[in-house]
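Here are my comments on the model, point by point. Please read them with the coordinates open.

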Amino acid sequence: MIEFITEYGIDGLPDYGDTILLQGWDQYFEEVSRILLDATVYSSREILSESNREPSDYFLNQVAKENFQIANEESAALLGLHWDRISGLASGGLAVTWGLSQTLLDQIEKAVIQAEEEGWSKSQVEQEITNLSGFGADRAKQLSQNALSFVDGKSSRRVASMTGATEKFSETVGDDHVCAECEENEADGWIPINEQFSGSGTEDTPHHPNCRCSVSYRWQEAAVTAV
Ligand SMILES: [Zn+2]
């Protein structure tokens, strides 16, 4: 991006953003899917052991299929792609806009002018643009963390439901930073597994970005049953 601005100024930046989107993100699709799939496998194992059921190979195969779908859908959503569950292919849906608002363009232009006047180094310019655009490491970390929580929450409920769990309960960490919505979710107590929690209107954790709540599930009978 820096080379582009140095050469062409900021006028062509929105087109440049589109070009990156059109060329680029789908190459990360499979890699991201794999990472998310690993997270679902981990949470599925936990739920299966909690469920006290003895899963057949057929059942485990069904769980794997569900998780594959959840991971692919979230990977596509994260990268602004569309995942087709029939063909199994991800394509450029451009569901996300690149977020280059006029305000941001003005800010970048100002930074570039200031950089020229004051003779900033390339890494200084890069740092400034990263700060302005909000696409720095922190943002990336937050996005990936939320994607992992999201597939974890979704897959947990799916597997819990498949093993016969009927109710769920959302628990906060109980400190001073818990938000009102999550408090209300907790106050719901045990609710039917596919209903929304009343505070946030969500069905799974994370209830919001950086949510620290966890959801427990309850099965009707405790006996070991084959599924
Ligand atoms: Zn929360």
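**Notes on the predicted model**

1. Glutamate 46 is exposed, because just 12 other C-beta atoms lie within 10 Å and the exposed class takes in counts of 12 or fewer. The residue belongs to helix 3, which covers residues 29–51. Its C-alpha atom is 8.5 Å from that of serine 156, although the two are 110 residues apart along the chain.

2. This is a predicted model, so confidence deserves a check. The protein chain has an average pLDDT of 80, and 70% of the residues score at least 70. Helix 2 (residues 13–23) has the lowest confidence, with a mean of 50. Strand 5 has the highest, at 98. Over residues 93–100 pLDDT stays under 50. For that stretch the model has 15 contacts beyond four places in sequence.

3. Which residues make up the largest nonpolar core? There are twelve: Val32, Leu36, Leu37, Ala39, Ile70, Ala71, Ala76, Leu78, Leu79, Ala147, Phe150 and Val151. Helix 3, helix 4 (57–78) and helix 7 (137–162) each supply at least two of these residues. A second core, separate from this one, has seven residues, including Ile47, Val63, Val159 and Ala160. In soluble globular proteins, nonpolar side chains tend to be buried together.

4. Helix 4 passes a length check. Its 22 residues should span 32 Å at 1.5 Å a residue, and the end C-alpha atoms are 31 Å apart, so the two values agree. The buried residues of helix 4 are Val63, Asn67, Ile70, Ala71, Asn72, Glu74, Ser75, Ala76 and Leu78. Asn67, Asn72, Glu74 and Ser75 are thus among the buried positions. Of the buried set, Ile70, Ala71, Ala76 and Leu78 also appear in the largest core, while Val63 is in the second.

5. What is the strand order of the open sheet? Its three strands run 5-4-6, with antiparallel pairing. Strand 5 (191–192) and strand 6 (214–219) are the edge strands, each pairing on one side only. Strands of a sheet pair through backbone hydrogen bonds, either parallel or antiparallel.

6. The sheet register can be followed residue by residue. Strand 4 (residues 165–171) is joined to strand 6 by six bridges. Here glutamate 171 has serine 214 as its bridge partner, and phenylalanine 169 stands opposite serine 216. Two bridges join strand 4 to strand 5, again antiparallel. On that side lysine 168 stands opposite isoleucine 191.

Technical notes: Residues numbered from 1 in each chain as written. Helix = DSSP H or I, 4+ residues; strand = E, 2+ residues; numbered from the N terminus. Buried ≥ 20, exposed ≤ 12 C-beta atoms within 10 Å, placed from the backbone. Pairing = 2+ DSSP bridges. Core = buried A, V, L, I, M, F, W, Y, C linked by C-beta atoms within 7 Å. pLDDT = per-residue confidence, 0-100. Contact = placed C-beta atoms within 7 Å. Expected span 1.5 Å × (residues − 1).
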